[in-house]
Amino acid sequence: MRIAVCPGSFDPVTKGHLDIVTRASKLFDRVIVLVVINAAKTPSFSPEERVQMIREVIGGSLPNVEVDTFSGLLADYVRDVGAVAIVKGLRAVSDFEYEFQMALANKKLNPTSDTVFLTTASQNMYLSSSLVKQIAQFGGDISDFLPSQIVDRVASRLCKKE
């Protein structure tokens, strides 16, 4: 069984994330969407909330996709679950330099897995969780950027009340 891990903060999960996960689910037998807990970041949603939102968005539409959380070295998690690949989405050339460094480090730490880069769909090239959060904080319409199941929850959490 070919297992892939799609790591990220998913704070919140966007249509761009969902596109990458959906495409990965067609390439691998099993895909684990991994909510990575990064102590250097201050997320808007708890790891449990992010997992719940991803599960809600995926529903039963991607039966070979599951969701998990992890705090530690990604290479260790990938080894522990027997994954053959780490799947990362790339929006622009600026993403590549950082992701390439991470791919090399992960390969050094876990030589049995590879990193697979999927280029984003053109309509998602500018899309990031940070952008969505910024728009939401100022009361902007985020419905084009997020799966419909979570738009109201994200907007109500992030919109500044004046």
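**Salt bridges, pocket and cavity in the predicted model**

E99 forms a salt bridge with K88, and the closest N and O atoms of this pair are 3.5 Å apart. Since E99 lies in helix α4 and K88 in strand β4, the pair ties together parts that are 11 residues apart in sequence. Both E99 and K88 are buried. The model described here is a predicted one, and by the rule applied to its side chains the count comes to 10 salt bridges.

Two further salt bridges can be set beside the pair in α4 and β4. The side chains of D29 and R2 meet with a distance of 3.7 Å from N to O; because D29 is placed in the loop between α1 and β2 and R2 in the segment before β1, this contact ties together parts that are 27 residues apart in sequence. D29 has a relative accessibility of 38% and therefore counts as partly exposed, and R2, at 43%, is likewise assigned to the partly exposed class. In the salt bridge between K107 and D114, the closest N and O atoms are 3.0 Å apart. K107 is partly exposed, with a relative accessible area of 32%, and D114 is also partly exposed, its relative accessible area being 42%.

E99 and K88 reappear in the description of the largest pocket, which holds about 1,300 Å³ of space. This pocket is lined by 47 residues, and those that lie nearest its centre are P7, G8, S9, K88 and E99. Two or more lining residues are given by each of β1, α1, β2 (30–36), α3 (74–81), β4 (85–90), α4 and α5 (129–137). Helix α4 gives the most to the lining of the largest pocket, with nine residues. By class, the lining of the largest pocket divides into 22 nonpolar, 17 polar and eight charged residues.

Enclosed space was examined separately from the open pocket. By the rule used, there is one cavity of 30 Å³ or more, and about 40 Å³ of space lies in the largest cavity. The residues that line the largest cavity are F10, V13, L18, V21, V33, I54, V57 and I58, and by class this lining comprises eight nonpolar, no polar and no charged residues. Helices α1 and α2 (47–58) each supply at least two residues of the lining, and α2, with three residues, gives the most.

One of the residues lining the largest cavity, F10, is also notable for its backbone. The place of F10 is in the loop between β1 and α1, and phi of F10 is near 50°, a positive value in a residue other than glycine. With a relative accessibility of 4%, F10 counts as buried, given that the cut-off for this class is under 20% relative accessible area. The loop between β1 (3–8) and α1 (15–27) also contains P12, and the peptide bond from D11 to P12 is cis, with omega near 0°.

On the surface of the model, F96, F100 and L104 make a nonpolar patch of about 280 Å². L104 lies in helix α4, which spans residues 93–109. Helix α4 thus recurs across these results, because E99, the salt-bridge partner of K88, lies in this helix, and α4 gives nine residues to the lining of the largest pocket.

Methods
Residues numbered from 1 in each chain as written. Predicted model: local features only at pLDDT ≥ 70, side-chain atom pairs only at ≥ 80, totals over all residues. Heavy atoms only, no water. Patch = residues over 30% accessible without salt bridge, like charges linked within 9 Å, V, L, I, M, F, W, Y side chains within 5 Å. Areas by Shrake-Rupley, 256 points an atom, 1.4 Å probe, with all protein chains shown as cover. Salt bridge = Lys/Arg side-chain N within 4 Å of Asp/Glu carboxyl O. Helix = DSSP H or I, 4+ residues; strand = E, 2+ residues; numbered from the N terminus. Buried < 20%, exposed > 50% of the residue type's maximum accessible area, 1.4 Å probe, protein only. 1 Å grid on protein atoms, 1.4 Å probe; cavity = no way out; pocket = protein on both sides within 12 Å on 5 of 7 lines; lining within 4 Å. Points joined across faces, edges and corners; volume = space filled by probe spheres on them. Nonpolar A, V, L, I, M, F, W, Y, C, P; charged D, E, K, R; others polar.
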